[in-house]
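Here are some exercises on helix geometry and packing to try with the coordinates open beside you. Have a go at each task before reading its solution.

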Amino acid sequence: MQQDTFRSLNRRLTAFALRLFAEHGLAGLGTVIPGTGVSAEDLVGKILVEYCEGKTVHHPSRGTLVTLLCTGIRNDFYDALSKASHDREMVPDERDNSGEDDHSTAKSLTGYPDPKVMDPVVELDEERYRERVLKYFADDPELRDVCEAVLCLDLYKPADIANCLGISVNEFHNRKKRLRLRLIKYGIVRLDKNAQEVKSTRNKK
Amino acid sequence: MHKKLNPRETRNKFTRFSEALFGEPCEIDEAEAIELLAAAGVDSSELDASLYSRLASVAQGYWVNQKSVPPLLKQALSELRPASAPARNDKELATQAKSFVESLVETVKMIPALSRYQAPTFSTSYRNKGQITEADKCLIDKAKSELEEKLRKMGAKENES
């Protein structure tokens, strides 16, 4: 905690959480994971409260504090995603047989995501993730090349990716910055929902 | 053919994709975080205020149960405390007053017209021109001194009012 103030931590963690949400088709601060009501701000608040209360302890020998807290956020995010898909399967089975009328039963079900309107990108499906990301960055050759190196050639180390693309490692990091910014600015889900509309908006900008 | 991954392996795979494509968490420094938040339409100060109220409600639980507030929670509340919040003690009141006066002085300094009247200066480059006769130079000098006198009187009048 020598370098990071809580203000700085809050901003960095929220940016990370927003990026995580956007990667899985959930863009914007107020956006929640369907069926759970969990937002990026909630995940950051929860992990910071745990850290402040001493429930999450940082050992400098095991990496930076930001990495530790972001790992917690990522785990909570994946838990919430699996809960969301679990809830989706549970809804039809949760019939209330206590004698309430149809109207009250229908009302209680509104708390659950409707499988027909629920965003299909909210799930951990490798093929769909690969397809979405490649499609989303297809109009920018430099960014598309990075995505292809990672998703199609299974290259993960910066040096390997840079070498494969014939660029410097610094250039690769610059492209990652551009990927992050574009991801957060527009969110992958918008391309899935209405590709024409987003492409025209982006062209105008 | 791809092997079917268990949930833990799937998560690990996604983490590898995510970090290779969009970078490791520690790669986002505060400056970039602010830029990303702005791109997402998030106001950083509102974000701080929201976290402060969340932490304050957690601290409230400790106070109600008469337990000591964990040191990191105290530190976080102290760092995130909004400037507009009422002072809790004399020291905080003095700090708030000092920063208010400092910001006021800075604002005043930015308005030079309020700080002091400055008389205008005249360019004398006409003296170096070859085509002007001595008589013309005398006329211009006379006009210049008349104008200076007029401006001096106007400045004095303004200062009196």
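**Exercise 1.** In this predicted model, find which residues of α3(B) are buried and work out how they are arranged around the helix axis.

*Solution.* Start by picking residues under 20% relative accessible area. For α3(B), that gives S44(B), L47(B), D48(B), L51(B), Y52(B), L55(B), V58(B), A59(B) and Y62(B). Next, look down the axis of α3(B): these buried residues fall within an arc of 130 degrees, so they line one face of the helix. Now turn to the other side, where E46(B) and V64(B) are exposed. Finally, ask what covers the buried residues: the cover includes α1 (6-23) and α2 (40-52) of chain A, along with α2 (30-39) and α4 (71-80) of chain B.

**Exercise 2.** Check the end-to-end span of helix α3 (residues 44-64) of chain B against the expected value.

*Solution.* Take 1.5 Å times one less than the number of residues. With 21 residues in α3(B), the expected span is therefore 30 Å. The end C-alpha atoms of α3(B) lie 30 Å apart, in agreement. Just past the helix, inspect the backbone too: Q66(B) follows α3(B) and has a positive phi, near 55 degrees.

**Exercise 3.** Describe how α5 (residues 126-136) and α6 (residues 141-151) of chain A pack.

*Solution.* Two packed helices are described by the angle and the distance between their axes. Here the axes of α5(A) and α6(A) come within 9 Å and cross at roughly 165 degrees. Angles over 145 degrees count as roughly antiparallel, so α5(A) is roughly antiparallel to α6(A). The handedness of this crossing is left-handed. To finish, list the contacts: Y129(A), R130(A), V133(A) and L134(A) of α5(A) meet C147(A), E148(A) and L151(A) of α6(A).

Definitions and conventions: Residues are numbered from 1 along each chain as its sequence is written. Chains are lettered from A and ligands numbered from 1 in the order in which they are written. This is a predicted model: local features need pLDDT of at least 70, side-chain atom pairs count only at pLDDT 80 or more; totals for chains, interfaces and linings use all residues. Side-chain values use heavy atoms; hydrogens and water are left out. Helices (H or I, at least four residues) and strands (E, at least two) are DSSP runs, numbered from the N terminus. Buried means under 20% relative accessible area, exposed over 50%, partly exposed in between (1.4 Å probe, protein chains only). The arc is that of the directions from the helix axis to the C-beta atoms. Contact means heavy atoms within 4.5 Å. Axes are lines fitted to C-alpha atoms, for helices over the stretch in contact, and angles run from 0 to 180 degrees between N-to-C directions. Angles under 35 degrees count as roughly parallel, over 145 as roughly antiparallel, 65 to 115 as roughly perpendicular and the rest as oblique. A crossing is left-handed if the near helix is turned anticlockwise from the far one by less than a right angle, and right-handed if clockwise.
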